[in-house]
Amino acid sequence: MRVAIVGAGVAGLVAARRLAQLGHGVRVLEAADAPGGMIRPARLAGLQIDIGAEAFAVRGGAVAELVVELGLTAELVEPRALGSWGYQDGEAYAQPKGGLFGLPPGPDAAGLEAAVGPEGVAAVAHEATLDPHIGADAANLADLVRARYGERILHRLVAPVTRGVYSLDPELMRVDALLPGVLEQLRKHGSLGAVVRDRRAAAWPGALVRSVRGGMHRFVAALVADCERLGVAFEYGARLRHLDELPEHDSAIVTVPPSDDFPYLGGARAGEGVLSEVVALLLDAPALDAHPRGTGLLVAPSASGADPVRAKALTHVTAKWPWLDEATGAGRHIVRLSYANPADASPQQALADASALLGTPLDAEQLVDQARQLWHMPPPPARLGAAQTRAKLQDAVADLPPNIRCIGTWIAGTGLASVVPQANQVAQELQNVD
Ligand SMILES: Cc1cc2nc3c(=O)[nH]c(=O)nc-3n(C[C@H](O)[C@H](O)[C@H](O)COP(=O)(O)OP(=O)(O)OC[C@H]3O[C@@H](n4cnc5c(N)ncnc54)[C@H](O)[C@@H]3O)c2cc1C
């Protein structure tokens, strides 16, 4: 069978590899001049770092299995367990321990009082006494958290996570998007704190994410090398606008959402995407050797509206990943800031934000190098209304001829832990199509 694949991101590469392993002829068409999609290296003073995805969730085990198959077992790395911080209006606070997506496990959680003050602790204690039906009719995640805990927990603990990690305000998030089945569990366990404790107890032990020494771009390079070894042909600079442009094929896999430029699903569209600009700074800043904000901070919305910080999150990359700490050497640090509005993402703003967020004076002379990348991400599946859009998309996908399949983050969900198993499964299923 001859298979044509559109897109050389992780979805396309994983499907290409599996199909080639099964003995099929595979051709991958990629619009950019390099593979990897949302995994991409950038250079900071000669050092390669990830400017897109920098880790993968261990849930499900599919990505780690692939890393092992690619011979990178010895290169698997875990982040330092330094904890992360929140920040609001000039004040940084360590996130309480044992929580889930910002929701605390209970009023005794270590660090809770420092993060939300005595009134926040009282709100968490009160939540355990509330009728489990309170909040059950919430239209979005913000309404649920507000009904159970009030504004302080919503703004200081939950909103920074949804904004920083999912690029969404909690007002725009479906209630069960972060915690599927949460309302049912709330009725069963009696309080959200008890739901958090129950889920934490059932979670995978150890770190929730892992990466590859040298960066996730090495994982892409290993995937491409394996594909080439198996005879997969790659064509770069090949932006498809119509399925008729595919080379001769028996089956095809499309890994990109339908768009006005590539309307292969008739009128169906994936909905409004999300912009995120990542700015990486290499700093000569020995004061950061102490890792003053753990692995980084998530920024809460400013209550006063007057805070000058524009970033929505900062990762202290050299604090998080020991291999990179060794590579940069003592006194040198890498931080990555992300911005919802690209107009805010100048190196000057990033330096000022890093200084405020890390609580450490940083000036332009300490900036050794910088890199930036604007990402256009597909609409987050957790967004309100996304379920209906996805259902329509899935109908349109189902109307395609059976030898054409769709995969990738826009339809599988955000993150490599969702993308990799779907790509393997669909490649396997194509085998059975006549
Ligand atoms: C800043 C950032 C940080 C992230 N962090 C993490 C993380 O820490 N952990 C995690 O698990 N996930 C993370 N993700 C998400 C993860 O990177 C994605 O879920 C995954 O890489 C998507 O792979 P994909 O192949 O589905 O899509 P993509 O990577 O988008 O690949 C699609 C490819 O198709 C190409 N293409 C587009 N249109 C056409 C066309 N018309 N013709 C031909 N080619 C086309 C594109 O150039 C691209 O190479 C992050 C994403 C970003 C942007």
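Mentor: Before we start, keep one definition in mind: two residues are in contact when they have heavy atoms within 4.5 Å of each other. The model in front of us is predicted.

Trainee: What do the buried residues of H8 pack against?

Mentor: The buried residues of H8 pack against helix H3 (112-127), helix H4 (141-149) and helix H7 (182-189). H8 itself covers residues 192-202, and its buried residues are Leu 192, Gly 193, Ala 194, Val 195 and Val 196.

Trainee: Why is Phe 101 called partly exposed?

Mentor: Its relative accessibility is 27%, and buried would require a value under 20%, while exposed would require one over 50%. The value of 27% falls in between, so Phe 101 counts as partly exposed. Phe 101 lies in the loop between strand S8 (91-94) and H3.

Trainee: And why does Ser 167 count as partly exposed?

Mentor: The reasoning runs along similar lines: Ser 167 has 22% relative accessibility, which is not under the 20% that buried requires and not over the 50% that exposed requires, so it counts as partly exposed. Ser 167 sits in the loop between helix H5 (151-166) and helix H6 (175-178).

Trainee: What makes the phi of Phe 101 and the phi of Ser 167 worth pointing out?

Mentor: Most residues other than glycine have a negative phi. For Phe 101, however, phi is near 50°, a positive value, and for Ser 167 phi is near 55°, again a positive value in a residue other than glycine.

Trainee: How many helices and strands does the protein have, and what makes it as compact as a globular protein of that length?

Mentor: There are 15 helices and 17 strands. The radius of gyration is 22 Å, and the globule rule gives 22 Å for 434 residues, so the protein is as compact as a globular protein of that length. Buried residues make up 52% of the 434 residues.

Trainee: What makes a set of residues a nonpolar core, and which residues touch the most other members of the largest one?

Mentor: The members must be buried residues of nonpolar kinds, such as Val, Ile and Phe, joined through side-chain atoms within 4.5 Å. The largest core has 41 residues, of which Ile 5, Val 10 and Phe 219 touch the most other members. Helix H1 gives the most to this core, with eight residues. Leaving aside neighbours within four places in sequence, Phe 219 is in contact with several residues, including Val 10, Ile 39, Val 63 and Leu 66. A second, separate core of 31 residues includes Ala 115, Val 121, Leu 141 and Met 173.

Note on methods. Residues are numbered from 1 along each chain as its sequence is written. This is a predicted model: local features need pLDDT of at least 70, side-chain atom pairs count only at pLDDT 80 or more; totals for chains, interfaces and linings use all residues. Side-chain values use heavy atoms; hydrogens and water are left out. Helices (H or I, at least four residues) and strands (E, at least two) are DSSP runs, numbered from the N terminus. The radius of gyration is taken over C-alpha atoms; the globule rule is 2.2 Å times the number of residues to the power 0.38. Buried means under 20% relative accessible area, exposed over 50%, partly exposed in between (1.4 Å probe, protein chains only).
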